[in-house]
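User: I would like a close look at one part of this model, namely the sheet with a helix packed on it, set in the context of the rest of the chain. Please take the structure shown here as the starting point.

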Amino acid sequence: MRSSNSNVHIIESGAKPSMLGQTGISMHCHSMHSKEILDFVPYYAERIPILSSVWKRKMRRFEESGGRLPNFNIGYWTPPLSGQQVYDSEASSIERLGLMPIVSVTDHDSIEAAVEIGEREPNRFAPISMEWTVPFGEAFFHLGVHNMPEDRAAEITKLLLDYTFDTDGPDDERLSELFSMMHDIPEMLIVLNHPIWDIEMIGQRKHEAALHDFLQKHGCWIHALEINGFRSMAENKAVTDLADACGLPLVSGGDRHCCQANTMINVTNATSFSEFVSEVRIDKKSEVVVLPDYHKPLPSRQLRSMSQILGVFPEFPDGRRSWSDRIYFDAEDGLGPRPMTEHWNGHLPGWTRVAMWTLKALSHEMLVPILGFTIGDNDIGRNDANVKTPPISFDDIVFADRQSFGKQKAFAAGQ
Ligand SMILES: [Fe+2]
């Protein structure tokens with residue numbers, strides 16, 4: 001395996017990372033164009049102290065009164081900020097570090113934000129990117145697909161999403177074709193985001209086994225692995241070991257969904273995103289900077305995000321102000337997902353106010369040390385400590401040969 005030239009720099013509050021370069025690159029940000037599934041609601045609500053007892057009591061009463069419990073798997077929420085608001089907020093945060101900003105906004109399976117931002121910002125500072133969902137067996141992976149050529153972005157997006165939502169299910173050969181198509185575009189960057197996170201909740205070890213298989217088959221098309229600003233230090237350390245085993249560079253991904261800026265960026269002397277891509281793809285060079293906010297306990301940052309997801313922003317346009325405008329729920333009445341505000345005819349039930357108050361209280365700065373002491377740096381809802389079997393080893397990973405895929409295709413075409 002080739003070795004990479006990735007460095008991870010942890011900086012103190014007030015320090016400026018300008019000794020590493022003049023440009024700060026923020027990747028992996030979500031805007032209102034991302035649809036996020038709601039399965040986390042019962043998962044978290046049952047685990048957050050105080051909120052859990054209110055939640056359980058209210059749900060029980062709701063059920064006893066004959067109400068049908070909501071199915072959170074068929075609803076979604078959307079982050080509060082528009083694409084341009086995310087861009088502006090990330091750019092300001094990077095400028096405060098004394099760096100020139102480049103921001104790659106990556107909504108789930110959508111380039112709408114990137115297109116919106118592109119109306120104001122030059123493409124070299126605001127590439128067209130998205131976080132592509134790739135089904136793979138029982139698992140799925142999130143690929144940061146960065147810097148699509150402007151004149152092909154719509155076409156590439158359609159091809160990728162046709163694969164994601166194909167009812168025939170995953171197809172390794174088709175997947176390799178899509179990766180190969182993107183790999184052949186030198187300015188594009190393909191990043192495997194938060195690889196070790198069992199985001200599909202099939203079980204940590206099953207996820208790792210799927211990741212092992214995925215990397216053996218498709219790792220040859222991936223240009224970098226992501227360490228993620230919203231995953232724990234322990235998980236990011238495991239990603240670092242994985243990158244070593246695979247000989248892939250590490251890049252940063254903040255994964256912001258709300259108002260707080262990303263806590264991890266790349267620093268470089270590149271003057272455009274395409275230049276940065278060639279550093280990663282060709283030189284395998286990447287300087288990741290971990291900002292001080294990352295070291296606040298993960299649960300408190302998750303709760304702070306959650307209180308913003310569930311916040312009210314009077315200054316926002318109509319239809320985006322209240323959390324109930326931004327959470328869509330399918331009541332299985334044949335009308336499809338509709339904002340919660342519509343379900344409740346504009347009036348929020350009393351229990352939601354209690355839940356909101358609790359979340360906001362738990363995300364208060366004063367509780368940060370207590371959360372750090374009680375939950376540590378673990379994801380608040382998914383406790384990896386419960387997994388008893390040892391992690392899957394990635395030391396034996398051997399990537400499939402990229403060249404042989406090309407030859408197979410040429411052979412098939414010649415027949
Ligand atoms: Fe993701």
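How many helices and strands does the secondary structure of the protein chain come to? And, within that framework, which strands make up the open sheet of five, and which residues of helix α5 are buried?

Analyst: The model is a predicted one, and its protein chain comes to 15 helices and 14 strands. Of the 415 residues in that chain, 40% count as buried. Among the contacts between residues at least 6 apart in sequence, 75% join residues at least 24 apart.

The part you ask about begins with an open sheet of five strands in the order β6-β7-β8-β9-β10, in which the pairing is mixed. Its edges are formed by β6, residues 128–136, and β10, residues 250–253, each of which pairs on one side only. From one strand to the next the twist averages 35 degrees. At the β6 edge, the neighbouring strand is β7, residues 139–148, which runs antiparallel to β6 and is joined to it by eight bridges. Within this pair, Ile 128 stands opposite Met 148 of β7. Helix α5, residues 153–164, packs on the sheet and touches both β6 and β7, its direction making about 20 degrees with that of β6.

The helix itself can be checked in two ways, by its length and by the placement of its buried residues. At 1.5 Å a residue, the 12 residues of α5 should span 16 Å, and because its end C-alpha atoms are 16 Å apart, the expected and modelled spans agree. The buried residues of α5 are Ala 153, Ile 156, Thr 157 and Leu 160. Seen down the helix axis, these buried residues fall within an arc of 100 degrees, so they line one face of α5. Glu 155, Lys 158 and Asp 162, on the other side of α5, are exposed. What covers the buried residues of α5 includes the two strands β6 and β7, together with helix α6, residues 172–183.

Strand β7 also has a place in the interior of the chain. The largest nonpolar core has 71 residues, and those with the most contacts inside it are Val 105, Leu 143, Val 145, Ile 190, Leu 225 and Met 264. The largest share of this core, five residues, comes from β7. Ile 190 can be followed further: leaving aside residues up to four places away in sequence, Ile 190 touches Leu 143, Val 145, Phe 179, Met 182, His 183, Trp 221, Ile 222 and His 223. A second, separate core of 11 residues includes Trp 77, Ile 309, Ile 327 and Tyr 328.

Met 264, named above among the residues with the most contacts inside the largest core, leads to strand β11, residues 264–268, which is mostly covered, five of its five residues being buried. In a regular strand the side chains alternate between the two faces of the sheet. Both faces of β11 are covered, with Met 264, Asn 266 and Thr 268 buried on one side and Ile 265 and Val 267 buried on the other. Strand β2, residues 23–29, pairs with β11 in the antiparallel sense over three bridges, and Thr 23 stands opposite Thr 268 of β11. Strand β12, residues 285–290, likewise pairs with β11 in the antiparallel sense over three bridges, with Met 264 opposite Val 290 of β12.

Helix α9, residues 273–281, can be read in the manner used for α5, and its residues Phe 273, Phe 276, Val 277 and Val 280 are buried. These four cover an arc of only 105 degrees around the axis, which puts them on the same side of α9.

To complete the context, there is also an open sheet of four strands, ordered β3-β4-β13-β14, with antiparallel pairing. Its edge strands are β3, residues 36–37, and β14, residues 338–339, each pairing on one side only. Strand β13, residues 327–329, runs antiparallel to β14 and is joined to it by two bridges, with Tyr 328 opposite Pro 339 of β14. Tyr 328 is also one of the residues included in the second, separate core.

Notes
Residues are numbered from 1 along each chain as its sequence is written. This is a predicted model: local features need pLDDT of at least 70, side-chain atom pairs count only at pLDDT 80 or more; totals for chains, interfaces and linings use all residues. Two strands pair if DSSP finds at least two bridges between them. Axes are lines fitted to C-alpha atoms, for helices over the stretch in contact, and angles run from 0 to 180 degrees between N-to-C directions. Two residues are in contact if their C-beta atoms, placed from the backbone, lie within 7 Å. A residue is buried if 20 or more other C-beta atoms lie within 10 Å of its own, exposed if 12 or fewer, and partly exposed in between; C-beta atoms are placed from the backbone. A nonpolar core is a set of buried Ala, Val, Leu, Ile, Met, Phe, Trp, Tyr and Cys residues joined through C-beta atoms within 7 Å. The expected span of a helix is 1.5 Å times one less than its number of residues. The arc is that of the directions from the helix axis to the C-beta atoms.
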